[in-house]
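Visitor: I should like a close look at a single part of this model. Please take one helix and follow its surroundings into the interior of the chain.

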Amino acid sequence: MDAKKFFYSDSSDTGNTGIFDSFLNQIGRIIYPNCCHNCHKDTTQEDKGLCQECRYKIRLIENPCKICGEELKDICSKPSVCGKCQTNIRYFDSVFAPFCYSDPIDKLIQDMKFSKNISNCNLLAELLYEQIVLQGIKLPECLIPTPINPKQYMNRGFNQSLEIANRLGKLLSIPVKSDVIIKTCNTERQSKLSFTQRQNNLKGSFAQNKPIEYQHIAIIDDVVTTAATANEIAKVAKCNGVNKVQVWACSRSIKL
Ligand SMILES: [Zn+2]
Ligand SMILES: [Zn+2]
């Protein structure tokens, strides 16, 4: 095994624990600072952690639903709002999730979550930041990372949404408020559930912890699938006086 592979193999390859792999990943980042986070080939400092080849593979969502950000298949559909947004209550005003959940974004997110590769949080935040600036997205007054429950936190060692929000907050000079809305109960993992089950699973699982002193907020997440989680958080925010809720996520996953 070559030296670089040793640092970037994940637990499924090595049989190591996630925490040990996370430690190796972080050592690898110090020894090989200019290494692509996705394919681990050498990069230049200007590439900021993703080589040109991997950058080129990123696919942007085309023709997103104006509310939930899902890619609309029919380019001519008017109004540009998907069927689910026409028939379901959306407490958030809009979702900005510019990248498709496909190679290399999906791998960067999976490495971040399941191999506990915390350095990918900064990279994903920087990619999202570039699109916020490029697309002229209106900036909120504060960022609220999607809360995770203590069990998830103990298992992963960090909240990826908080890490992404912290980096974005620095880049955009916007405060990050991670304790105003909290997750109040452990819920079943959303990935196993259908659209309706996801909505029911999350009902009442978030609550306001402190007053939200802003009128316009953005909820931060790594990936949006049905937007059920963001909708529950937005509901808490709107019921507590927030006027406008955007959702910012790196990626929008495939249609369920
Ligand atoms: Zn690469
Ligand atoms: Zn929609």
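Guide: In this predicted model, the buried residues of helix α6 pack against β2 (99-100), α7, α9, β6 and β7 (244-252). The buried residues in question are Ile105, Leu108, Ile109, Asp111 and Met112. Viewed along the axis of α6, they fall within an arc of 160°, so they line one face of the helix. The general geometry is familiar: an α-helix has 3.6 residues a turn, so residues three or four places apart point the same way. Just after α6, Lys116 adopts a positive phi of about 55°.

One of the partners of α6 is helix α9, which comprises the 13 residues 160-172. At 1.5 Å a residue, α9 should span 18 Å, and its end C-alpha atoms are indeed 18 Å apart, which agrees. Its buried residues are Gln160, Ser161, Leu162, Glu163, Ile164, Ala165, Arg167 and Leu168. The elements that cover them include α6 (105-114), α7 (119-134), β3 (142-145) and β6 (216-224). Just after α9, Ser173 takes a positive phi of about 55°.

Strand β6 is thus among the elements packed against the buried residues of α6, and it is also among those covering the buried residues of α9. Of the 9 residues of β6, 8 are buried, so the strand is largely enclosed by the rest of the structure. Strands β3 and β6 run parallel and are joined by 4 bridges; here Pro145 stands opposite Ile220 in β6. The pairing of β6 with β7 is also in the parallel sense and extends over 8 bridges, with Ile219 standing opposite Val247 in β7.

Ile219, a residue of β6, merits separate attention. With 29 other C-beta atoms within 10 Å, Ile219 is buried, the threshold for that label being 20 or more. Leaving aside neighbours up to four places away in sequence, Ile219 touches Ile144, Thr146, Ala230, Ile233, Ala234, Val245 and Val247. Ile219 and Ala249 are 30 residues apart in sequence, yet their C-alpha atoms are 8.2 Å apart in space.

The same residue leads to the nonpolar interior. In soluble globular proteins, nonpolar side chains tend to be buried together. The largest nonpolar core here has 56 residues, of which Val95, Ile219 and Val247 touch the most other members. Two or more residues of this core come from each of β1 (94-96), α6, α7, β3, α9, β6, α11 (228-239) and β7.

The wider chain provides the context. Its secondary structure comes to 11 helices and 7 strands, and 39% of its 256 residues count as buried. Among contacts with a separation of 6 or more, 70% join residues 24 or more positions apart.

Finally, confidence should be weighed. The mean pLDDT of the protein chain is 85, and 79% of its residues reach 70 or more. Confidence is highest in β3, at 98, and lowest in helix α2 (residues 11-14), at a mean of 47. Over residues 11-15 pLDDT stays under 50, and the model has 7 contacts beyond four places in sequence for them. Where pLDDT is low, the predicted coordinates should not be read in detail.

Conventions
Residues numbered from 1 in each chain as written. Chains lettered and ligands numbered in written order. Predicted model: local features only at pLDDT ≥ 70, side-chain atom pairs only at ≥ 80, totals over all residues. Expected span 1.5 Å × (residues − 1). Buried ≥ 20, exposed ≤ 12 C-beta atoms within 10 Å, placed from the backbone. Contact = placed C-beta atoms within 7 Å. Arc of directions from axis to C-beta. Core = buried A, V, L, I, M, F, W, Y, C linked by C-beta atoms within 7 Å. pLDDT = per-residue confidence, 0-100. Pairing = 2+ DSSP bridges.
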